[in-house]
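Please work through the following exercises with the sequence and the model at hand. Each task is followed by a solution set out in steps.

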Amino acid sequence: MIKRIGMSGFKSWRSTDAVSFGPITALFGTNSSGKTSFLQLLLLLKQTVEAADRSLVLNLGDESSLVELGTFHELVHRHDLDIPLRWDVDWALPKRLRVEDPSKRKEILFEGSELGFSAEVAWKRNGEGLG
């Protein structure tokens with residue numbers, strides 16, 4: 001289950017602290033306040049992970065995708081290519097996970113019931129796109 005999402009530079013969100021999610025979560029706010037952006041970020045990450053083209057930095061989608069977000073220029077906050085897109089996602093695992101170092105038995109690399117992932121994508125100014 002997703003526990004927290006934080007993002008910056010994504011659509012209407014210049015920056016936001018991590019928003020906590022529970023078993024049932026409702027998002028309230030005025031129209032165009034960015035509620036849908038949380039869902040679109042999750043769908044963007046899902047379709048990027050599931051994309052057949054592994055050379056894509058982000059799968060922004062097309063007419064047959066979960067979400068179609070256009071170009072990076074259209075996606076980034078205020079269409080400012082100097083602002084990087086960042087996100088943090090934390091989730092609870094269905095059961096405790098233990099990862100041992102395969103080269104050094106008994107050395108534990110991770111043990112817990114929550115994982116997180118953070119990433120940043122920025123526009124390369126040399127004209128070669130995302131990096």
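The exercises below begin with the overall fold and proceed to charged side chains and individual residues.

**Exercise 1. Overall description**

Task: Determine how many helices and strands the chain has and in which pattern they follow one another.

Solution. Step 1: The model is a predicted one. Its chain comprises two helices and seven strands. Step 2: Reading along the sequence gives the pattern β-β-β-α-α-β-β-β-β. Step 3: For the dimensions, the C-alpha trace spans about 50 × 40 × 30 Å along its principal axes. Step 4: The chain has 131 residues, of which 29% count as buried. The accessible surface comes to about 8,900 Å², and carbon and sulfur atoms contribute 52% of this surface. Step 5: Among contacts with a separation of 6 or more, 49% are between residues 24 or more positions apart.

**Exercise 2. Charges and the first salt bridge**

Task: State how many salt bridges the whole structure contains, and explain which parts of the chain are tied together by the pair Asp 90 and Arg 4.

Solution. Step 1: The chain carries 17 positive and 18 negative charges, and the mean positions of these two sets are 6 Å apart. Step 2: In general, side chains of opposite charge can pair when their charged atoms come close. Step 3: A search of the whole structure yields six salt bridges. Step 4: One of them joins the side chains of Asp 90 and Arg 4, with an N to O distance of 3.1 Å. This value satisfies the criterion, because a salt bridge requires the nitrogen to be within 4 Å of the carboxyl oxygen. Step 5: Asp 90 belongs to strand 4 (residues 85-100) and Arg 4 to strand 1 (residues 2-10), so the pair ties together parts that are 86 residues apart in sequence. Step 6: Asp 90 is partly exposed at 23% relative accessible area, and Arg 4 is partly exposed at 27%. Step 7: Arg 4 and Asp 90 also belong to a network of salt bridges that includes Glu 114.

**Exercise 3. Two further salt bridges**

Task: Describe where Arg 86 and Glu 120 lie, and give the distance between the closest N and O atoms of Arg 98 and Glu 100.

Solution. Step 1: The side chains of Arg 86 and Glu 120 form a salt bridge with an N to O distance of 2.3 Å. Step 2: This pair links distant parts of the chain, with Arg 86 in strand 4 and Glu 120 in strand 5 (residues 108-121), 34 residues apart. Step 3: Arg 86 is partly exposed at 39% relative accessibility, and Glu 120 is partly exposed at 45%. Step 4: In the salt bridge of Arg 98 with Glu 100, the closest N and O atoms are 3.1 Å apart. Step 5: Arg 98 is partly exposed at 46%, as is Glu 100 at 40%.

**Exercise 4. An aspartate without a salt bridge**

Task: Is Asp 101 buried or exposed, and which side chain of opposite charge is nearest?

Solution. Step 1: Asp 101 is located in the loop between strand 4 and strand 5. Step 2: Asp 101 is buried but has no salt bridge. Step 3: The nearest side chain of opposite charge is Lys 104, at 4.8 Å. The pair does not qualify, because a salt bridge requires a distance within 4 Å. Step 4: The side chain of Asp 101 does make a polar contact of 2.8 Å with the side chain of Ser 103. Step 5: Leaving aside residues up to four places away in sequence, Asp 101 touches Glu 107 and Leu 109.

**Exercise 5. The surroundings of Asp 88**

Task: Identify which residues Asp 88 touches, not counting residues up to four places away in sequence.

Solution. Step 1: Asp 88 lies in strand 4 and is partly exposed, with a relative accessible area of 36%. Step 2: With residues up to four places away in sequence set aside, Asp 88 touches Arg 4, Ile 5, Gly 6, Phe 117 and Ser 118. Step 3: With Ser 118 there is a polar contact between the two side chains, at 2.4 Å. Step 4: Asp 88 and Met 7 are 81 residues apart in sequence, and their C-alpha atoms are 6.3 Å apart in space.

How values were computed
Residues numbered from 1 in each chain as written. Predicted model: local features only at pLDDT ≥ 70, side-chain atom pairs only at ≥ 80, totals over all residues. Heavy atoms only, no water. Helix = DSSP H or I, 4+ residues; strand = E, 2+ residues; numbered from the N terminus. Buried < 20%, exposed > 50% of the residue type's maximum accessible area, 1.4 Å probe, protein only. Contact = heavy atoms within 4.5 Å. Areas by Shrake-Rupley, 256 points an atom, 1.4 Å probe, with all protein chains shown as cover. Lys, Arg positive; Asp, Glu negative; His and termini not counted. Charge placed at Lys NZ, Arg CZ, Asp CG, Glu CD. Polar contact = N/O pair within 3.5 Å; in protein donor to acceptor, adjacent residues only side chain to side chain.
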